[in-house]
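Me: I would like to go through this structure with you. Please have a look before I start asking.
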Amino acid sequence: MSPIVIVNPTSGSPAPETGLRISLDDLAGKTVGFFSNNKPNAAVVLERLEELLRERFGIVARRYSKAVPSLGADAPLLDEIRRDCHAVLVAGFD
């Protein structure tokens, strides 16, 4: 299985290139991460998406968040997400 690339959209040094993203043929039974940057309404959107994907595909959900919306996620958290999830949805709204 090829590595999964997680992109951090905050300012700072660019993330190292580790390869192209992979596409999943199906979400059935896959572990999907739901990553919130803790901005207003992000949790609401992710909760609804989780509910819909669980009903439709039987996904296993894992939730993640970072403490400060304006700062990037730390490397250990990104490594955990990369290790534990087949796919990740990220939400952050103002």
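Me: How many bridges join S1 to S2, and do they run parallel or antiparallel?
Reply: This is a predicted model, in which local features need pLDDT (the predictor's confidence in each residue, from 0 to 100) of at least 70, side-chain atom pairs count only at pLDDT 80 or more, and totals for chains, interfaces and linings use all residues. Residues are numbered from 1 along each chain as its sequence is written, and side-chain values use heavy atoms, without hydrogens and water. Six bridges join S1 to S2, and the two run parallel; strands are DSSP runs of E with at least two residues, helices runs of H or I with at least four, numbered from the N terminus, and pairing requires at least two DSSP bridges.

Me: Which residue of S2 stands opposite valine 32?
Reply: Alanine 61 does. In S3, the bridge partner of valine 32 is alanine 87; S1 and S3 pair in the parallel sense over five bridges.

Me: How many residues of S1 are buried?
Reply: Six of its six residues are buried, that is, under 20% relative accessible area, with exposed meaning over 50% and partly exposed in between (1.4 Å probe, protein chains only). Thr31, Gly33 and Phe35 lie on one side, and Val32, Phe34 and Ser36 on the other.

Me: Turning to H2, which residues are buried there?
Reply: In H2 (residues 75-84), Leu77, Leu78 and Ile81 are buried. They are on the same side of H2 because they cover an arc of only 100 degrees around the axis, taken from the directions from the helix axis to the C-beta atoms. The face turned away from that buried side carries the exposed Pro76 and Arg83.

Me: What is the mean pLDDT of the protein?
Reply: The mean is 84, and 82% of the residues reach 70 or more.
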